[in-house]
Amino acid sequence: MAAARGWPRALASVAAALPGAAPGAAPDTAALYVHWPYCRKRCSYCSFNTYVVPAVDEAAVRACLVREAQTLLRLSQVHSVTSVFFGGGTPSLASPGTVAAVLEAVARAARLPAGAEVTLEANPSSASASRLAGFRAAGVNRLSIGVQSLDDAELRMLGREHTAAEARKAVEAARGLFPGRTSIDLLFGLPGQSGDAWAQRLEAALRLCDDHISLYQLTLERGTALAAQVRDGALPAPPQDLLADMYHTARNVLEATGFRHYEVSNFARKGALSTHNLSYWRAEQYIGVGPGAHGRFVLRGEGGCHREARVQTLEPVAWMREVQSQGHGTRSRAVLSPLEQLEELLTLGLRTDEGVTHERWGHFSPQLSLQAVFGEPGEARALQQQGWLVLDSGGLRCSWAGLAVLDSLLPDLLCQLQRALGTAQGHPGGGASLGGGARAPGSHNG
């Protein structure tokens, strides 16, 4: 997952001069994301950085993942890794030995506390009980399984490799090996899917699932096979009001069965929240390893004191060449201004039911409080009066209704933040104008 960075550079000078503006999260801890880019087949809706190749030189990929992890941990001087997430692609196609090698390298380069969350994304077609047991022995202690649907016709439309029966078998095996720590992904809003059909899929998922579910509205991305079918009229696009009804149905059903709706797309019960993903939503440091991985961290090993946004080279062969020659395959890096960090904190934090706490905001903006920015007359107060937002002693967060329409609230909030920063610098007009609200993306298994 990568946080959106849509803030115009013209505003950076406003924040750079803000008294007390400081870089983000504590620089001695970070989460670690590891990207396995390969799949056996590209799904019809997938626009992720994934590759289908005749054969994978896993030994070479493993060596590069290990080396890049070691290099970036050294550059960041992170002392403790709070969580590790193997995403993709289809990381369950990697051998348990590759996962073990990366975790051993992390433990040598930095502290990996006992019991730290280590998640692996898995597809049902590569999640046999014996394979999952191998991943558990390698150090994985949480699974995220890309079920996507429990209907065979929908799975064929999505281009998935597995059947509904195979998905059930994989989840049951995972729950036996990782009790209380198995998550499933489901998609809704598929072309031609009715509200009744979605309710049936949800009920089937509840009979199968463990204590964590991620629900994602299907996005028809340009360039994908499924988007082309909808564009050409071969499949119907779901109406917006039906999509909203499906989302509300899911929230009502899941909360009635004990799930906490703790993030826009994520539900957990019995405290089974994703520690790793919370690191993103709380704007904490994270290091991205592997082709196309994103990161947000301070390069203390190079004398840095400001957080950088980093993206690794996308194409696996080119990425491996760079790692072999220089220790890492970082394609782009940019220092994030204090203002850009506040944008990410706001857009990501408001995705959660806890929102942005006063303490977390103060870490990024010690001189300009949440109350000073959003408690004054303006867009945020109007949104509070309309029931979309709450600002109280806990911080700033969306109401239950506001969480469902967050993207429509963010532009006004970002404008108010810009204006508040401009006023703090003696520019009541707020300086440069916004080109539109940033959107913080979700993620799901490919």
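This section describes a strand residue, a helix and the internal cavities of a predicted model.

The first site considered is Asn-266. This residue belongs to strand β8, which covers residues 266-268. The relative accessibility of Asn-266 is 2%, and the residue therefore counts as buried, the cut-off for that class being under 20%. Its side chain takes part in a polar contact with the side chain of Ser-214, at 2.5 Å. Ser-214 also appears among the residues in contact with Asn-266 once neighbours within four places in sequence are set aside. The others in that set are His-212, Ile-213, Tyr-216, Arg-260, His-261 and Trp-281.

Helix α12 was examined for length and burial. The helix comprises 12 residues, 338-349. At 1.5 Å a residue a span of 16 Å is expected, and because the C-alpha atoms at the two ends are 16 Å apart, the model agrees with this value. Of the 12 residues of α12, 12 are buried, so the helix is largely enclosed by the rest of the structure. The buried set includes the leucines Leu-339, Leu-342, Leu-345, Leu-346 and Leu-348. Glu-340, Glu-343 and Glu-344 are likewise buried, as is Gln-341. Pro-338, Thr-347 and Gly-349 complete the list of buried residues in α12.

Internal space was searched across the whole structure, and 4 cavities of 30 Å³ or more were found. The largest cavity has a volume of about 110 Å³. Its lining consists of 14 residues, divided into 3 nonpolar, 7 polar and 4 charged. Those nearest the centre of the largest cavity are Lys-41, Thr-90, Asn-123, Ser-125 and Glu-161.

The second largest cavity holds about 50 Å³ of space. It is lined by Val-34, His-35, Trp-36, Leu-65, Phe-86, Pro-91, Ala-94, Thr-98 and Val-99. Two or more of these lining residues come from each of β1 (29-36) and α3 (96-109). Strand β1 gives the largest share of the lining, with 3 residues. By class, the residues around the second largest cavity are 7 nonpolar and 2 polar, with no charged residues, whereas the lining of the largest cavity includes 4 charged residues.

How values were computed. Residues are numbered from 1 along each chain as its sequence is written. This is a predicted model: local features need pLDDT of at least 70, side-chain atom pairs count only at pLDDT 80 or more; totals for chains, interfaces and linings use all residues. Side-chain values use heavy atoms; hydrogens and water are left out. Helices (H or I, at least four residues) and strands (E, at least two) are DSSP runs, numbered from the N terminus. Buried means under 20% relative accessible area, exposed over 50%, partly exposed in between (1.4 Å probe, protein chains only). A polar contact is a pair of N or O atoms within 3.5 Å; within protein, one must be able to donate a hydrogen and the other to accept it, and residues adjacent in sequence count only if both atoms are side-chain atoms. Contact means heavy atoms within 4.5 Å. The expected span of a helix is 1.5 Å times one less than its number of residues. On a 1 Å grid over the protein atoms alone, a cavity is a set of points where a 1.4 Å probe fits but cannot get out, and a pocket is an open set with protein on both sides within 12 Å along at least five of seven lines; lining residues have an atom within 4 Å of a point. Grid points are joined across faces, edges and corners, and a volume is the space filled by probe spheres set on the points. Ala, Val, Leu, Ile, Met, Phe, Trp, Tyr, Cys and Pro count as nonpolar, Asp, Glu, Lys and Arg as charged, and the others, Gly among them, as polar.
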